[in-house]
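User: Could you take a close look at one part of this protein for me? I am new to reading structures, so please go step by step.

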Amino acid sequence: MSFKQLGLAPPLLRAVEESGYERPTPIQTQAIPPALAGRDILGCAQTGTGKTAAFSLPILQRLDASAGDEPSLRSLIVTPTRELAAQIGASMSTYGKHLELWHTVVFGGVSDKPQIHELREGVDALVATPGRLLDLMNRGEIDLSSIEVFVLDEADQMLDMGFLPDIRRIVAKLPRERQTMFFSATMPGSIRELAQTLLVDPVEVAVARISEPADVEQRIYFVDKGDKRKLLLDLLRQDTSVERSLVFSRTKHGANRIAKHLSGAGIMTAAIHGNKSQGARTRALDAFRSGELRVLVATDIAARGLDIDAVSHVINFDLPNVPETYVHRIGRTARAGASGIAISFCDLEEREYLVDIERLIRKHIPRVEDHGYPPSQSSPAMTDLERKSGGGDGKRKDGSSGGGERRGGRRPSRGRRSGSRRPR
Ligand code: AMP
């Protein structure tokens with residue numbers, strides 16, 4: 001399934017392509033077509049599954065189709081935390097960059113003046129946390145009477161945080177005639193009840209929680225991007241227990257470079273990816289299975305469906321930006337009851353992927369600090385889990401003290417532009 005087959009308009013397809021997404025995630029495949037058709041959606045999916053694009057892309061398409069000369073507030077996305085709000089805002093900017101639409105993000109804990117200024121300038125979509133939204137509604141700065149699409153994101157977290165009364169007050173001000181998309185990571189009875197009061201004949205979409213394979217020992221090496229190949233070579237040279245390792249590379253070129261580097265250093269390696277002929281792939285796999293090759297470097301697509309037993313190590317040379325992919329990758333080792341080891345290299349830019357991965361597997365992956373290529377950035381941003389467990393010195397990349405809920409190193413975006421400004 002491709003994004004094009006989902007029915008998305010060319011400007012959105014371009015944006016998705018420029019984001020480097022090759023194909024829709026399961027939640028996107030399931031939710032985008034009915035959402036584009038105007039159906040209500042009940043989505044059981046957590047952060048990290050691609051659900052932001054699953055609702056943002058259809059919203060942007062709908063807003064664009066009915067855009068007038070002036071922006072008018074037609075879509076509202078309510079999410080529990082400012083970090084999520086900022087991320088959704090950033091995603092709307094990314095996906096809507098070829099459209100002439102405007103959005104802004106409002107959340108508490110910061111001055112409301114810039115937010116009010118942007119609202120007064122006019123926006124087509126608003127991403128908000130409940131408290132600040134209600135506050136600005138009560139002060140007459142936000143009018144929800146023209147909302148066509150409403151999204152309630154992370155509903156279970158919203159209820160946990162005691163936002164139910166706020167949500168009811170917000171919903172009371174929405175037009176009855178509207179499209180509603182409701183997302184929650186879990187669907188206990190209380191959430192279903194709330195959903196029933198908001199949705200009309202919804203299409204239910206769900207992506208199962210993927211759990212991590214039980215017997216895989218996981219480790220993270222923080223390392224600069226430019227040192228990854230040297231670190232890999234070190235590991236392979238020093239650790240003879242790395243008998244048969246599958247190395248994952250995000251790109252085909254990357255896979256070729258890694259294979260060349262290792263082969264040049266005398267380690268029997270081959271790469272498999274989409275640009276290799278079927279014959280070359282089969283030969284590489286046979287040689288890997290027979291033990292002739294110690295290392296097979298693969299892209300995610302090439303590795304799909306590969307059934308190779310006795311992979312002692314999975315090495316993530318690059319961390320995947322979709323956390324489920326991490327779980328799929330590490331499941332390549334520890335097959336059939338054997339135990340396996342998953343080693344992941346994480347450079348500074350990949351920190352946010354690590355946050356998503358640890359959030360998905362609900363576990364802190366142990367760090368290996370004592371290695372030959374420590375990262376040059378001495379005080380890297382901590383992940384959520386590190387901060388929650390009280391690790392580190394509490395400093396973040398941006399020098400601020402950091403709140404417990406902030407996700408990774410992403411900077412909140414207050415950019416309100418989804419595309420270039422519509423001429424007035
Ligand atoms: P979300 O669940 O919306 O927080 O998305 C999780 C991460 O997946 C984000 O970093 C997105 O940029 C990324 N993502 C979303 N859709 C795709 C896709 N189709 N292919 C690859 N990455 C994606």
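Analyst: Happy to! Let's begin with one term: two parts are in contact when they have heavy atoms within 4.5 Å. Keep in mind, too, that this is a predicted model.

With that in hand, let's look at helix α1, which covers residues 10-18. Which residues of α1 are buried? They are Leu12, Leu13, Ala15 and Val16, where buried means under 20% relative accessible area. Those four residues span an arc of only 160 degrees around the axis, so they lie on the same side of α1. A general rule helps here: an α-helix has 3.6 residues a turn, so residues three or four places apart point the same way.

Now turn the helix around. Pro10 and Glu17 are on the other side of α1, and they are exposed, which means over 50% relative accessible area.

What covers the buried residues of α1? The cover includes α3 (51-65) and α4 (82-95). Try finding these two helices in the 3D view, starting from the side of α1 that holds Leu12, Leu13, Ala15 and Val16.

Finally, follow the chain past the end of the helix. After α1 comes Gly20, and the phi of Gly20 is positive, near 85 degrees.

Putting the picture together, α1 has a buried side with Leu12, Leu13, Ala15 and Val16, an exposed Pro10 and Glu17 on the other side, and a cover over its buried residues that includes α3 and α4.

Key:
Residues numbered from 1 in each chain as written. Predicted model: local features only at pLDDT ≥ 70, side-chain atom pairs only at ≥ 80, totals over all residues. Heavy atoms only, no water. Buried < 20%, exposed > 50% of the residue type's maximum accessible area, 1.4 Å probe, protein only. Arc of directions from axis to C-beta.
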